[in-house]
Amino acid sequence: MNPRLDQPLRLGTRRSKLAMSQSGHVAEAVRAITGRPVELVEITTYGDVSRERLSQIGGTGVFVTALREALVRGEVDFAVHSLKDLPTTQPDDLVIAAMPRREDPRDALVARDGLTFEQLPDGARVGTGSPRRQSLLHAYARSLGKVIETVAIRGNVDTRIGYVRNGELDAVVLAAAGLNRIGRGDEATDLLSVDNVLPAPGQGALAVECVASDTDLIAALGELDDPYTRAAVTAERALLAALEAGCSAPVGALADLLADGQIVHEMRLRGVVGTLDGSTLVQMSTTGPVPSSYDEAMALGRELADEMLAKGAAGLMGERSL
């Protein structure tokens with residue numbers, strides 16, 4: 001008998017309720033695949049303890065660095081991240097072994113009195129910590145003939161929704177996937193159509209990461225991988241990486257599959273960049289065959305990014321407030 005079969009696999013996770021819930025679901029699936037016990041190892045990241053705005057402390061990577069360091073040191077065997085928290089450059093010594101099937105990628109509004117976004121009054125105070133949401137919410141409000149005030153907030157789901165419950169804000173915007181994963185999806189008063197508010201690249205998807213040298217674990221975790229999710233988020237992140245190189249404005253992206261009945265035949269990739277006040281947006285899309293390889297998915301994202309930069313996205317540089 002393999003002596004490792006009785007040894008628990010150590011899954012590194014952030015301590016938040018959402019992260020623990022996401023990791024718990026993955027742990028159950030890995031137990032079923034490997035027959036080995038899986039224990040959660042809680043790790044505090046800099047993004048969890050800092051109260052500064054994400055753009056001030058280094059953006060998305062602040063939530064993953066401590067987890068990745070624990071992987072490299074051998075303190076955990078694998079880690080679960082929200083994919084949108086991962087920087088677009090992948091370290092050589094680590095590999096994303098699985099991207100499980102994606103949850104709802106949309107943004108969700110939690111508003112007072114059960115209001116939808118269209119029902120919010122002129123001048124409504126809407127909380128979000130995301131420059132992308134800030135930009136697209138202002139643009140959406142403008143399309144409805146009204147003005148909103150966006151208020152920068154941080155914190156977990158309870159903290160954010162608490163601002164609405166105590167009357168400090170009229171509404172907050174969160175990822176629908178996060179609310180669903182902690183069983184609070186019914187608290188959303190509106191799910192924002194991706195036609196109006198394009199999600200963050202990778203939103204709703206998870207990344208299961210381990211060291212590149214552990215081929216047995218990579219093979220086991222690979223059974224959790226959803227190829228359509230991987231193709232979609234790879235294209236989205238390729239677009240983000242190309243735009244980050246030439247444009248510092250907030251970015252939204254979503255790749256979705258177009259199907260005739262049960263047969264998936266094409267993928268549509270949409271991207272948007274905009275000024276923080278939402279007054280100027282560059283929105284474009286492209287449709288093509290579903291990528292059958294990593295390189296094809298990367299090419300799809302890069303091509304659309306190049307078109308967006310040529311159409312003026314590069315002129316939005318410097319719009320992100322620090």
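User: Which residue in β12 stands opposite D260?

Analyst: Heads-up, this is a predicted model: local features need pLDDT of at least 70, side-chain atom pairs count only at pLDDT 80 or more, and totals for chains, interfaces and linings use all residues. Residues are numbered from 1 along each chain as its sequence is written, while side-chain values use heavy atoms, with hydrogens and water left out. β11 (251-260) and β12 (263-274) pair in the antiparallel sense over 10 bridges (helices are DSSP runs of H or I with at least four residues, strands are E runs with at least two, all numbered from the N terminus; two strands pair if DSSP finds at least two bridges between them). Across from D260 in β12 you'll find I263.

User: Which residue takes a positive phi in the hairpin of β12 and β13?

Analyst: β12 runs antiparallel to β13 (281-289), and nine bridges join them. G274 has L281 as its bridge partner in β13. The hairpin has six residues between its strands, and the positive phi, near 75°, belongs to G278.

User: What is the average twist from one strand to the next in the open sheet?

Analyst: Five strands make up this open sheet, in the order β7-β6-β8-β5-β9 with mixed pairing. β7 (149-151) and β9 (190-192) are the edges: each has a single partner strand, so one side of each lacks a neighbour in the sheet. From one strand to the next, the twist averages 30°.

User: What angle does the direction of α6 make with that of β8?

Analyst: Start with β6 (125-127), which runs parallel to β7 over three bridges and has V126 opposite T150. Helix α5 (131-143) packs on the sheet, touching β5, β6, β7, β8 and β9, with its direction at about 125° to that of β8 (contact means heavy atoms within 4.5 Å; axes are lines fitted to C-alpha atoms, for helices over the stretch in contact, and angles run from 0 to 180 degrees between N-to-C directions). Helix α6 (157-165) packs there too, touching β5 and β8, and its direction makes with that of β8 an angle of about 155°.

User: Is H81 buried or exposed?

Analyst: H81 lies in strand β3, and its contacts beyond four places in sequence are V64, L67, L86, A205, L206, A207 and E209. Its C-alpha atom is 8.8 Å from that of A205, 124 residues away along the chain. The cut-offs are under 20% relative accessible area for buried, over 50% for exposed and partly exposed in between, with a 1.4 Å probe and protein chains only. At 3% relative accessibility, H81 is therefore buried.

User: Which residue with a positive phi follows α4?

Analyst: Helix α4 (65-72) has A66, L67, R68, A70 and L71 buried. Their cover includes β1, β3, β4 and β10. Just after α4, the residue with a positive phi, near 80°, is G74.

User: Which element gives the most residues to the lining of the second largest pocket?

Analyst: This pocket holds about 370 Å³ of space, and 20 residues line it, with M99, T234, R237, Y294 and M298 nearest its centre. β4 (94-98), α9 (227-246) and α10 (294-310) are the elements that give two or more residues to the lining. The lining splits into 12 nonpolar, six polar and two charged residues. With seven residues, the top contributor is α9.

Definitions and conventions
1 Å grid on protein atoms, 1.4 Å probe; cavity = no way out; pocket = protein on both sides within 12 Å on 5 of 7 lines; lining within 4 Å. Points joined across faces, edges and corners; volume = space filled by probe spheres on them. Nonpolar A, V, L, I, M, F, W, Y, C, P; charged D, E, K, R; others polar.
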